[in-house]
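Student: I should like a close look at one single part of this structure, and at how that part relates to its surroundings. Please set it out in one connected answer.

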Amino acid sequence: MSGGWKGSDRVTRLPRGWRKIRKRILERDPICKLCGVRPSTHCDHIIAKADDHTDAGLQGVCGPCHDAKSSREGNAAQKANLRPGRRRPPEPHPGLRG
Ligand SMILES: [Zn+2]
């Protein structure tokens, strides 16, 4: 088996000088780019898996929006691998039933 769920490795992928980058992004985007209301407190990757640490790949977001976005991304990743709740039996021939 390969290509399984590797867990969260986001932190280890942050580049050197991340703190400076983050500060620059928050200065550029003082207001959350997602809701446009609350002040930005987090530096977010616009495309989570792209590892784009350039200014164009990052945006300032507020805490609630960042949490909502990363939990959506986390859920999507988990859903593919872990299925909480009832296990359904596989359906070998969908469309051939009945
Ligand atoms: Zn927001």
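Tutor: Two strands are said to pair if DSSP finds at least two bridges between them. With that term in hand, we may examine strand S2 in what is a predicted model. The bridge partner of His42 in S2 is Val61. That bridge belongs to a wider arrangement, for S1 and S2 pair in the antiparallel sense over four bridges.

A brief view of the whole protein helps to place this part. The protein contains two helices and two strands, and along the sequence they follow the pattern α-β-β-α. Helix H1 covers residues 18–28 and strand S1 covers residues 42–45, while strand S2 covers residues 58–61 and helix H2 covers residues 63–81. Confidence is not uniform. The mean pLDDT of the protein is 81, with 69% of its residues at 70 or more. Among the elements, S2 has the highest mean pLDDT, 97, and H2 the lowest, 83.

Let us now consider the residues of S2 themselves. Leu58 and Gly60 point one way from the strand, Gln59 and Val61 point the other way, and all of them are buried. Of the 98 residues in the protein, buried residues make up 11%.

The loop between H1 and S1 supplies two residues that bear on this region. The earlier-numbered of the pair is Cys32, which lies in that loop. Cys32 counts as buried because 22 other C-beta atoms lie within 10 Å, and the cut-off for that class is 20 or more. Leaving aside neighbours within four places in sequence, its contacts include Gly60 and Val61, together with Cys62 and Cys65. Val37, Arg38, Pro39 and Ser40 are also among the contacts of Cys32. Cys32 and Cys62 are 30 residues apart along the chain, yet their C-alpha atoms are separated by 5.2 Å.

The other residue is Leu34, also placed in the loop between H1 and S1. Leu34 counts as partly exposed because it has 18 C-beta neighbours inside 10 Å, a number between the limits of 12 or fewer for exposed and 20 or more for buried. Apart from residues up to four places away in sequence, Leu34 touches Val61, Cys65 and Lys69. Val61 is thus in contact with Leu34 and with Cys32, and is also the bridge partner of His42. Leu34 can be related to Gln59 as well: the two are 25 residues apart in sequence and 8.9 Å apart in space, C-alpha to C-alpha.

Links across the sequence are also counted for the protein as a whole. Among contacts between residues at least 6 apart in sequence, 49% join residues at least 24 apart.

Finally, two exposed residues give a contrast with the strand. Asp51 lies in the loop between S1 and S2 and is exposed, with 12 other C-beta atoms within 10 Å. Its phi is near 55°, a positive value in a residue other than glycine. Arg19, in helix H1, is exposed with 10 other C-beta atoms within 10 Å. The C-alpha atoms of Arg19 and Cys43 are separated by 9.6 Å, although the two residues are 24 apart along the chain.

Note on methods. Residues are numbered from 1 along each chain as its sequence is written. This is a predicted model: local features need pLDDT of at least 70, side-chain atom pairs count only at pLDDT 80 or more; totals for chains, interfaces and linings use all residues. Two residues are in contact if their C-beta atoms, placed from the backbone, lie within 7 Å. pLDDT is the predictor's confidence in each residue, from 0 to 100.
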